[in-house]
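Here are my notes on the model you sent, set out as numbered points. Please read them with the structure open.

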Amino acid sequence: MNRRFLFVLGSSRESGNTETLARRAAEQLPPDTHQHWLPLADHALPDFTDLRRDADHVRPPASGTEALLLDATLAATDIVIASPLYWYSVSGLTKRYLDYWSGWLRTPGVDFKATLAGRTLWGVTALAHEQPEVADPLIGTLNHTAAYMGMRFGGVLLGNGSRRGDVLNDTEALTRAKTFFAQEAPLARFPYER
């Protein structure tokens, strides 16, 4: 299967540092690699309602935002969560998208977890802090999501920047971006499984 990358952009602003860093990393992919870029700000999901125990789940209508995101997620071999570091974790837009995974797990005929098992989850984030450890909660969220889903986890490409374009001054991040997607992603594990 040819690799199909889904870039889920979780910023509320266009062309921010996180997106810029993700695009630099994506430039290194082979030219025949399919790339689908989805800005969550342009495809807003309503608040997630957890109906796990209260209702039957149905596949979302084919024309809506939820169906677009579900189908794009199912079609991807590699899902890249490109979320700025907001309050030490993923953005609200990103968190809402991940919340919808809970519903998709229970949607008949979708086989969401089985479909994503073995595929790869990646992260890209820009933070306005000199110490990368402040991004540990974001990294944990993505690692644990991948572990629960039986996915591989390629890690998180970290860059530094606050004002738009600042990440272009982070030469270490730009160097890491050149080989980020070329690395072999291990099967994700929860910390207690290591």
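**Notes on the predicted model**

1. Serine 83 sits in the loop that links β3 and α3. The model is a predicted one. With a relative accessible area of 1%, serine 83 is buried, because buried here means under 20%. Its side chain makes a polar contact of 3.4 Å with the side chain of threonine 94. Setting aside neighbours within four places in sequence, serine 83 is in contact with Thr18, Val90, Ser91, Thr94, Val124, Thr125, Ala126 and Leu138.

2. Threonine 94, the partner of serine 83 in that polar contact, is among the buried residues of α3. The others in that list are Tyr97, Leu98, Tyr100, Trp101, Gly103 and Trp104. The cover over the buried residues of α3 includes β1, α2, β3, α4 and α5. The helix length is as expected: the 13 residues of α3 should span 18 Å at 1.5 Å a residue, and the end C-alpha atoms are 19 Å apart, which agrees.

3. How do α2 and α3 meet? The axes of α2 (residues 65–75) and α3 (residues 92–104) come within 11 Å and cross at roughly 80°. That crossing angle makes α2 roughly perpendicular to α3. On the α2 side the contact is made by Glu66, Leu69, Leu70 and Thr73, and on the α3 side by Tyr97, Tyr100, Trp101 and Trp104. Sorted by class, this contact of α2 with α3 has 6 nonpolar, 1 polar and 1 charged residues. Tyr97, Tyr100, Trp101 and Trp104 also appear among the buried residues of α3. As background, an α-helix has 3.6 residues a turn, so residues three or four places apart point the same way.

4. Helix α5 (residues 136–149) contains methionine 149. For the 14 residues of α5 the expected span at 1.5 Å a residue is 20 Å, and the end C-alpha atoms are 20 Å apart, which agrees. The buried residues in α5 are Leu138, Gly140, Leu142, Asn143, Thr145, Ala146, Ala147 and Met149. Their cover includes β3 (78–82), α3, α4 (112–116), β4 (120–127) and β5 (152–160). Leu138 is also one of the contacts of serine 83.

5. Is methionine 149 buried or exposed? Its relative accessibility is 3%, so methionine 149 counts as buried. Not counting residues up to four places away in sequence, methionine 149 touches Trp101, Leu105, Phe112, Lys113, Leu116 and Ala117. Trp101 is also one of the α3 residues in the contact with α2. Methionine 149 and threonine 18 are 131 residues apart in sequence, and their C-alpha atoms are 25 Å apart in space. Threonine 18 is among the contacts of serine 83.

6. Please check the backbone at three positions with positive phi. Glycine 150, just after α5, takes a positive phi of about 75°. Serine 15 is not a glycine, yet has a positive phi of about 60°. Serine 15 is in the loop between β1 (4–9) and α1 (17–26), and at 34% relative accessibility counts as partly exposed. Aspartate 111, again not a glycine, has a positive phi of about 50°. Aspartate 111 is in the loop between α3 and α4, and its relative accessible area of 53% makes it exposed.

Definitions and conventions: Residues are numbered from 1 along each chain as its sequence is written. This is a predicted model: local features need pLDDT of at least 70, side-chain atom pairs count only at pLDDT 80 or more; totals for chains, interfaces and linings use all residues. Side-chain values use heavy atoms; hydrogens and water are left out. Axes are lines fitted to C-alpha atoms, for helices over the stretch in contact, and angles run from 0 to 180 degrees between N-to-C directions. Helices (H or I, at least four residues) and strands (E, at least two) are DSSP runs, numbered from the N terminus. Angles under 35 degrees count as roughly parallel, over 145 as roughly antiparallel, 65 to 115 as roughly perpendicular and the rest as oblique. Contact means heavy atoms within 4.5 Å. Ala, Val, Leu, Ile, Met, Phe, Trp, Tyr, Cys and Pro count as nonpolar, Asp, Glu, Lys and Arg as charged, and the others, Gly among them, as polar. Buried means under 20% relative accessible area, exposed over 50%, partly exposed in between (1.4 Å probe, protein chains only). The expected span of a helix is 1.5 Å times one less than its number of residues. A polar contact is a pair of N or O atoms within 3.5 Å; within protein, one must be able to donate a hydrogen and the other to accept it, and residues adjacent in sequence count only if both atoms are side-chain atoms.
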